[in-house]
Structure formats: structure tokens, C-alpha cells
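Got your viewer open? Let's take a short walk through some charged side chains, one selection at a time.

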Amino acid sequence: MKKLMLSGVALGVLVSAAAQAQVQSGPGFFGYIDGMYVMPARSGGTAFVDQANTNVNPGDGWGAGAEFGYRFDGAWDISLGGRYIDLSRGKGETDGGGVDQISDAKTWHIDGTVGYTISGPGWGVRPNLGVRYQRFTYDFNFIPGVSYQGKAWGIGPKIGVDGSLRLTESISLFGAVETAFLFGKIRESNNVGNPSDSRSRMFWNIGAKAGLDWEVAPLFHIAAGYKVEWMDGVYYDWLTPNVGVGSPRGRSGQLIHGPFVRLAYNWGAPPMGAAPMQPPPPAGKKSYIVFFDFDRALITPTAATTIKQAAADAKAGKSTRLDVTGHADKSGGDAYNMALSLRRANAVKDQLVREGIPANQIAVVGRGESMPLVQTADGVREPQNRRVEIVLN
């Protein structure tokens, strides 16, 4: 029975192992909600519970998850998330007596995570470190009227890395790998008078996922993919108490896999694409202009090259202050364009910091649509007005 509970906790930990966060596209709030279909799979020819030559596994199930966080100016972010999974009733039948054996498992967890984004034109990588609390419940019925229940919980560190690669203007390939170590307790009970049991245990698991992300609107995404999760160190033995002969002892593992879909905000790699030609700088000051795609605040490859040059010139000229001013065209409302221009300016500031400019030497201002480079009527999209100006002082 104790081995059954070890298996139950292992499964509960396992189905929550895959990385959930993704590379964030820029400063500000981010989040997602997702849904998944979960399929437990046998490992090495053994089942989740093996008694009287019977393979008994939890059935396929479903899950839902969410995560919300904030990315600061620069590369750091924090997030809080969680997931719930219900593995619906699975069934196995004994070879001799024809007795149904039913298993059912549920699990949920909460994660707190700190991430650091490293990005370039069209790609992003986000190493992350955090802590997870996991709770798991399990119920097994092997003959009518006889049931065994288990509860397990644990807390421990997790570490992972997420990545995104822009394939087209709106499509990205993404992937993630994560591992966690949870330290906690297992407690079992039953309805037939056998003594309950409790023990401490540490579980190790690893998960990976990959998929495609579609930016359906600026900063809004839908995604779909597939994940595989593995738990190491699951013990299999006889379930029934006081039986001296059991299935082979030793370490075994359990595989969980299945597809998932996701809705997300502020998520993905920086875009690809060209920018308009840079106009000459104003006389008397060394300045640079970088351009943005419509309704976006993401650094293009051309913009990244310009920012790199500005940072190199600032360091060579020993500049003490860089003025970074964001602008927008007149295709949106005043308040929206003001916020967009400030996001663009902060995106450039972040890139300058990555190039070695101290953040306290960068002054950021958003001007909205009030100072167009090219005069247009209200509501007109103008590529050269979607810009950020960098002035060295």
C-alpha cells in the first residue's frame, strides 16, 4: 500500500512538471490561460498499480492552468501561477475473478517564479527559477466496498528555460524544459481497518513542451503544442496488505503526455522585418532613430543594429545621459498612442541596458502622436512616425 501511495504522489508531481511561463515580449503585465488533455502511459511494461497480473492505470484526463506576472524595465520578471489536473477513472480487470479495479487521481499546484529574458531580433530565451507547492489525492478500489485513499503534498525548488523563435511576422516556434524537486509527505488511509501510514519523500521530475504561437493581435496570442513529462523513482508492489509475494521491486517511472492550447497576452519573441530608412540626425547633436511596426513596441533587427551603434558611440564619447523619446503615428486614440510611445521608449531603453549603458543614465519620455516626423491627417498610418529617438548628451 505504501508503494501505491508513492506511485500516486509521483503521478501527481509528474503531471505538473512541464514549464508554463514563456518569453515575455516587453515590459508590463503578462499572463495566460490554458487547457490540456492528459494521457498517462505505462512505463517498462508495468502499470500504475500491478496486482494479480492486472494493469490498472488512471484514465485519460483534463487540466487547466493560468499564470500572471509583470516584467520590469530591463530583463527581470516575476509571476504567480498554478494548474489543476483530473485524471478520470481508469479501469483494469483481473485475469481470474473478473473484478474491476478502478483508479482516480487529482492534483493541483501553485508556482512562484522569477525569470530573466535574454533576447535579440526574432528570438528570446528566458531562464527561470522558482518554488512550487503541490497537493495530490488518490483513490483506488480493487474489490466492491474496499477502497484506499491517499493524500500527498510537497514543496521545493524548480528551474527551467523557455525559448521563442520568430518564424514569420505573426508566427513563432516555442519550447520549454523544466525540472523540479519536491520535498513532502505521503499519507494513506482505507476503509477496512488497516493502519494508516505516513512517510517523508522527495520526488524528481522533468518536463518538456514545444508548439506554435500565433500573434492574432498586437500582444495577444493563441498557441497550441504538445508536452511530455517524466517522473523518476516510482516503486511498484502489491497493493493488498499482508500479502507476502508481490510484483518486482525496484525503481520505475511514469510517463504523462498530451496536447494543450493557450491564450496569452504580451508573449513571444521580438518580431522580424525591416524598418524605414533612418533620416539624418538633427544638426548639432548626435542622435539616432529606430522605427517600429504598426501598433508594436518590439525591437526589429534593423532597430537592434541602430541601438547597438548608439550604445557603442555613447560609451566611446563618454556620454553622461541618453534621452530616449518615443513617438506614435495618428492611427489610434491620444491616450493609447501616448502609452504605446512610452512602451517603445522603454523597449529601446531595455536594449541599451543590454548593450552596457547604465539604466540611470537613460531618460525616457513618451510623446504619443504630438510630434510626428511626417505630418498626416488623424487616423493615418505613417511608418516614420512610429519611432524612438536616441540623443546623446
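Is Lys158 buried or exposed? Select Lys158: Lys158 is buried, at a relative accessible area of 4% (buried means under 20% relative accessible area, exposed over 50%, partly exposed in between, with a 1.4 Å probe and protein chains only).

Before going on, some ground rules. This is a predicted model, where local features need pLDDT of at least 70, side-chain atom pairs count only at pLDDT 80 or more, and totals for chains, interfaces and linings use all residues. Residues are numbered from 1 along each chain as its sequence is written, and side-chain values use heavy atoms, with hydrogens and water left out.

Now add Glu178, which is buried too, with a relative accessible area of 3%. Lys158 and Glu178 form a salt bridge, with 3.0 Å between the closest N and O atoms (a side-chain nitrogen of Lys or Arg within 4 Å of a carboxyl oxygen of Asp or Glu). Lys158 sits in strand β9 (residues 146-166) and Glu178 in strand β10 (residues 171-190), 20 residues apart; strands are DSSP runs of E, at least two residues, numbered from the N terminus.

Next, pick Glu215 and Arg166, a salt bridge at 3.6 Å, N to O. Glu215 belongs to strand β11 (residues 197-217) and Arg166 to strand β9, 49 residues apart. Both Glu215 and Arg166 are buried. Widen the selection to Asp111, Arg132, Lys158 and Glu178: salt bridges with shared partners join them into one network.

Last stop: Glu229 and Arg83, whose side chains meet in a salt bridge (3.6 Å, N to O). Glu229 is in strand β12 (residues 220-235) and Arg83 in strand β5 (residues 76-93), so this pair ties together parts 146 residues apart in sequence. Glu229 and Arg83 are buried. The full count is 14 salt bridges.

Terms used: Helices (H or I, at least four residues) and strands (E, at least two) are DSSP runs, numbered from the N terminus.
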